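Me: Could you walk me through reading a few local features of a protein model? I would like the general idea each time, and then the case at hand.

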Amino acid sequence: MASAPSPICALLLVLLLPPLTAALSKQHARYQYHTLRATPLSPEQTARVDADAIFGADLAAVLDDASNASTVQLLLAHREAFAPPNATAAQLLAHRLARDAARADAISTAAAGAANGTRAAPRRRGGGFAAPVVSGLSQGSGEYFAQVGVGTPPAPALLVLDTGSDVVWLQCAPCRHCYAQSGRVFDPRRSRSYAAVPCAAPLCRRLDSGGCDRRRGSCLYQVAYGDGSITAGDLATETLSFARGARVPRVAIGCGHDNEGLFVAAAGLLGLGRGRLSLPTQAARRYGRSFSYCLVDRTSSLNPSSTRSSTITFGSAAMAGAGARASFTPMVRNPRMSTFYYVRVVGFSVGGARVRGVSERDLRLNPSTGRGGVILDSGTSVTRLARTVYAAVRAAFRAATAAGGLRLTPGGFSLFDTCYDLGGRRVVKVPTLSLHLAGGAEVALPPENYLIPVDTRGTFCFALAGTDGGVSIVGNIQQQGFRVVFDGDAQRVGLVPKSC
């Protein structure tokens, strides 16, 4: 039979309980929290959406009437809108994370090769204008699509948006090897503005991997990607048309007759990098060197009642709305990887407090070796941080969630190692998360940008990961809801919250 506590023990308990309770309350109060709607993934199968339903069935007619308007906006769509029938959200997420891992590995491989002074060999796998953007959850990738008119008369083509590539290319007839795409394959023989680039032309010398068809005297291009995908064919100049009347003549494009790999649904790729053959560089004389995009959440393309859409804008209109709300930071150039948009991230805050153990030195680019640094990338979904930096941010996030009453689930999910069971809860409080940029700017992320659902049961995971690849990446999940401004004239990058 247990004995009753002594009067002395009872007195000590009475005296100590208030200070302990106050200390715990104080510890909880020192963190700042967001409110997150804990909506799990839907168990329903996705329905395939036709491109016309997203971009408008009359786009071809609009493009056909295109003039030299100074401003036009292109809509973007997530690749989820082009998912195979009967796929579930959980299946698409698993596929997207696998694709994402391949892209991050490819960037890391390129960074390592650049640091060593080598280039990866191609591998085969057997005013302004603006455009709408579509994102890629349904195909399992984090890619966004834009619809562009190619040629004269303009033929609609669905192109992947990619800030990590320079060459603009699309599949062309006749095909030696072509993958299944949405819409018809572009036939240059039907375009009045198509012109092959001669081997001796300066444009041909701008290619990293170029060649010459001596019989025809025309320039050949080839682009290989880290996942083994490849495109090769003729380098040509062509007119690109955009909704609301913008038309850019004589753009150097790759007309791909041999295309293999993971380019599901899209007709090709819209290179937005910093190289000499990217679209922003080629259009700079007419529209300036600035562009911006705004990516809404990945499911908006599937919601017909949604009033928010992803867009990409070129020219002076790209800066519209930035104002005092924008967090600008200088662009950094990596001479060994000139395509990518590097920025200086100097630290992180979790729950309103700077994360200890993270300094600018941990994230700084070494220009002499090409290693380190942080890039903004439209084609990577999940942010990757240098391993030591990620470990410190993760530890701070885990401590803040524990103080707020959330408990880790055992194990993880795919590349995520910090997950929580939020099943049965409609809203939860999660710690705030901010990036600190050089120049004093702070980018406060909304909670849905870093704690995301991964199944139908209510498991949510911290959507960041560590990397040993030598370069950190800010992915498009973390960019959602921001207008990301690439101000090439001032050589700076800005993020404007709540501006889609």
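Reply: Happy to; we will take the annotated positions and then two other residues. Keep in mind that this is a predicted model.

Me: Which residues does the UniProt annotation "active site" cover here?

Reply: Begin with the record, then turn to the coordinates. The unreviewed UniProt entry places its "active site" annotation on Asp162 and Asp377. They span 216 residues in sequence, yet no two of their C-alpha atoms are more than 7.6 Å apart, so they gather at one spot.

Me: Where is aspartate 162 found, and is aspartate 162 buried or exposed?

Reply: For burial, compare the relative accessible area with a cut-off: buried means under 20%. Aspartate 162 sits in strand 5, residues 155-162, and its relative accessible area is 3%, so it is buried. Setting aside neighbours within four places in sequence, its contacts include Arg103, Leu270, Gly273 and Asp377. Its side chain also reaches the backbone nitrogen of glycine 164, at 2.8 Å.

Me: And what is aspartate 377 in contact with, leaving aside its neighbours within four places in sequence?

Reply: A contact list shows which parts of the chain come together around a residue. For aspartate 377, with those neighbours left out, the list includes Arg103, Asp162, Gly164, Tyr293, Asn476 and Gln479. Arg103 is also in contact with aspartate 162. Aspartate 377 belongs to the loop between strand 21 (374-376) and strand 22 (383-386). Its relative accessibility is 0%, so this loop residue counts as buried. A polar contact of 3.4 Å links its side chain to the side chain of threonine 163.

Me: Why does asparagine 449 count as buried?

Reply: The same check applies: look at the accessible area and not just at the element. Asparagine 449 is in the loop between strand 26 (442-445) and strand 27 (451-453). It is buried because its relative accessible area is 1%, under the 20% cut-off. Beyond neighbours within four places in sequence, it is in contact with Ile477, Gln478, Gln479, Gln480 and Phe482. Gln479 is also one of the contacts of aspartate 377.

Me: How many residues apart along the chain are phenylalanine 328 and glycine 494, and what separates their C-alpha atoms?

Reply: Here you set the sequence separation beside the spatial one. The two are 166 residues apart along the chain, while their C-alpha atoms are separated by 4.0 Å. Phenylalanine 328 lies in strand 15 (residues 327-332). Its contacts, again without neighbours within four places in sequence, include Met319, Ala438, Val485, Arg492 and Gly494. At 18% relative accessibility it counts as buried, since the cut-off is under 20%.

Notes:
Residues are numbered from 1 along each chain as its sequence is written. This is a predicted model: local features need pLDDT of at least 70, side-chain atom pairs count only at pLDDT 80 or more; totals for chains, interfaces and linings use all residues. Side-chain values use heavy atoms; hydrogens and water are left out. Helices (H or I, at least four residues) and strands (E, at least two) are DSSP runs, numbered from the N terminus. Buried means under 20% relative accessible area, exposed over 50%, partly exposed in between (1.4 Å probe, protein chains only). Contact means heavy atoms within 4.5 Å. UniProt positions are given in the numbering used here, feature names are shortened, and annotations may be inferred rather than shown by experiment. A polar contact is a pair of N or O atoms within 3.5 Å; within protein, one must be able to donate a hydrogen and the other to accept it, and residues adjacent in sequence count only if both atoms are side-chain atoms.
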